[in-house]
Amino acid sequence: MVSIITHFLNRWRHSDVEAPREEKHLFAPGTGIRYSSLLVEGLKADHQQFFELQRTMLIAKRNGHLEEIPALLQQFDELLTAHLLTEQVRLYAYMDAYFATDRRTREMLRDYRVEMDRIGDSVRRMIKKYRHLALDGQLQGEFEQDMEELRLVLDERMSREELTLYPLYMPVAG
């Protein structure tokens, strides 16, 4: 758990490394959360990492390197946790405040949040299931099918996020 928190903090901590300068934006109403022009870009990069990790796991399985998969599943779980935390703290909280007077948009945001929580729970159950993949022949037979199902679910969800949800994330007019 510490590594997940550390990953999250390091990702958003200001460092001495010269980073792209962001314009200063107002806080979302009633929050201490500012718009970040880099947030959506980072979330989309996470999406690509999910698919890359998944491809890497399937390649490991097909090449008989089952011992590599538990560590890859752990990476996937850590990335998922950090991604969901970022969405909760930086995206949804900001947008809830931004759209405070727009009931329909807030309902849509709630639906997105609830759906992603369910997907996250399912992914964690799958990660737990395949922790001992190398020791269980039956699991080996189910792995590729479950990974393909996960790919389809994530592809559909992430496409909707990128086409429908993320464009709603915008700076507060000053």
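Two residues are in contact when heavy atoms of theirs lie within 4.5 Å. The exercises below use that cut-off on a predicted model.

**Exercise 1. Describe the overall build of the protein chain: how many helices and strands does it have?**

Solution.
- Step 1: Count the elements. The protein chain has five helices and zero strands.
- Step 2: Read them in order. The pattern along the sequence is α-α-α-α-α.
- Step 3: Check burial. The chain holds 174 residues, and 39% of them count as buried.
- Step 4: Check the span of the contacts. Take contacts between residues at least 6 apart in sequence; 75% of these join residues at least 24 apart.
- Step 5: Look at the surface. The accessible surface is about 10400 Å², and 54% of this belongs to carbon and sulfur atoms.

**Exercise 2. Work out how α4 and α5 are arranged: at what angle do their axes cross?**

Solution.
- Step 1: Locate the helices. Helix α4 covers residues 103-129, and helix α5 covers residues 137-165.
- Step 2: Take the geometry. The two axes come within 11 Å and cross at roughly 160 degrees.
- Step 3: Classify the angle. That crossing makes α4 roughly antiparallel to α5, because angles over 145 degrees count as roughly antiparallel.
- Step 4: Add the handedness. α4 passes α5 in a left-handed crossing.
- Step 5: List residues that meet. On the α4 side they include Met108, Tyr112, Met116, Ile119 and Val123. On the α5 side they include Leu150, Leu154, Arg157 and Glu161.
- Step 6: Sort the residues of this contact. They divide into 13 nonpolar, one polar and seven charged.

**Exercise 3. Do the same for α3 and α5: how far apart are their axes?**

Solution.
- Step 1: Locate α3. Helix α3 covers residues 69-98.
- Step 2: Take the geometry. The axes of α3 and α5 are 15 Å apart, at an angle of about 20 degrees.
- Step 3: Classify the angle. α3 and α5 are therefore roughly parallel to each other, since angles under 35 degrees fall in that class.
- Step 4: Add the handedness. α3 passes α5 in a left-handed crossing.
- Step 5: List the residues that meet. Ile69, Phe76, His83, Glu87, Leu91, Tyr92 and Met95 belong to α3. Their partners in α5 are Phe143, Leu150, Leu154, Arg157, Glu161 and Leu165.
- Step 6: Sort them. This contact has nine nonpolar residues, one polar and three charged.

**Exercise 4. Place Glu161: is it buried or exposed?**

Solution.
- Step 1: Find its element. Glu161 lies in helix α5.
- Step 2: Apply the cut-off. Glu161 has 1% relative accessibility, so it counts as buried; buried means under 20%.
- Step 3: Name its neighbours. Leaving out residues up to four places away in sequence, Glu161 touches His47, His83, Glu87, Tyr92, Tyr112, Met116, Tyr166 and Pro167.

**Exercise 5. Follow one of those neighbours, Met116: which helix holds it?**

Solution.
- Step 1: Met116 lies in helix α4.
- Step 2: Its relative accessibility is 5%, so Met116 counts as buried.
- Step 3: Beyond four places in sequence, Met116 touches Leu80, Leu84, Glu87, Arg157 and Glu161.
- Step 4: Compare sequence and space. Met116 and Leu84 are 32 residues apart along the chain, and their C-alpha atoms are separated by 8.1 Å.

**Exercise 6. Examine Ile69: which residues does it touch beyond four places in sequence?**

Solution.
- Step 1: Ile69 lies in helix α3.
- Step 2: At 0% relative accessibility, Ile69 is buried.
- Step 3: The residues it touches are Met57, Ala60, Lys61, Leu133 and Phe143.
- Step 4: The C-alpha atoms of Ile69 and Leu53 are separated by 9.8 Å, with their positions 16 residues apart along the chain counted as the separation.

Terms used
Residues are numbered from 1 along each chain as its sequence is written. This is a predicted model: local features need pLDDT of at least 70, side-chain atom pairs count only at pLDDT 80 or more; totals for chains, interfaces and linings use all residues. Side-chain values use heavy atoms; hydrogens and water are left out. Helices (H or I, at least four residues) and strands (E, at least two) are DSSP runs, numbered from the N terminus. Buried means under 20% relative accessible area, exposed over 50%, partly exposed in between (1.4 Å probe, protein chains only). Accessible areas come from the Shrake-Rupley method with a 1.4 Å probe; for residues, only the protein chains shown count as cover. Axes are lines fitted to C-alpha atoms, for helices over the stretch in contact, and angles run from 0 to 180 degrees between N-to-C directions. Angles under 35 degrees count as roughly parallel, over 145 as roughly antiparallel, 65 to 115 as roughly perpendicular and the rest as oblique. A crossing is left-handed if the near helix is turned anticlockwise from the far one by less than a right angle, and right-handed if clockwise. Ala, Val, Leu, Ile, Met, Phe, Trp, Tyr, Cys and Pro count as nonpolar, Asp, Glu, Lys and Arg as charged, and the others, Gly among them, as polar.
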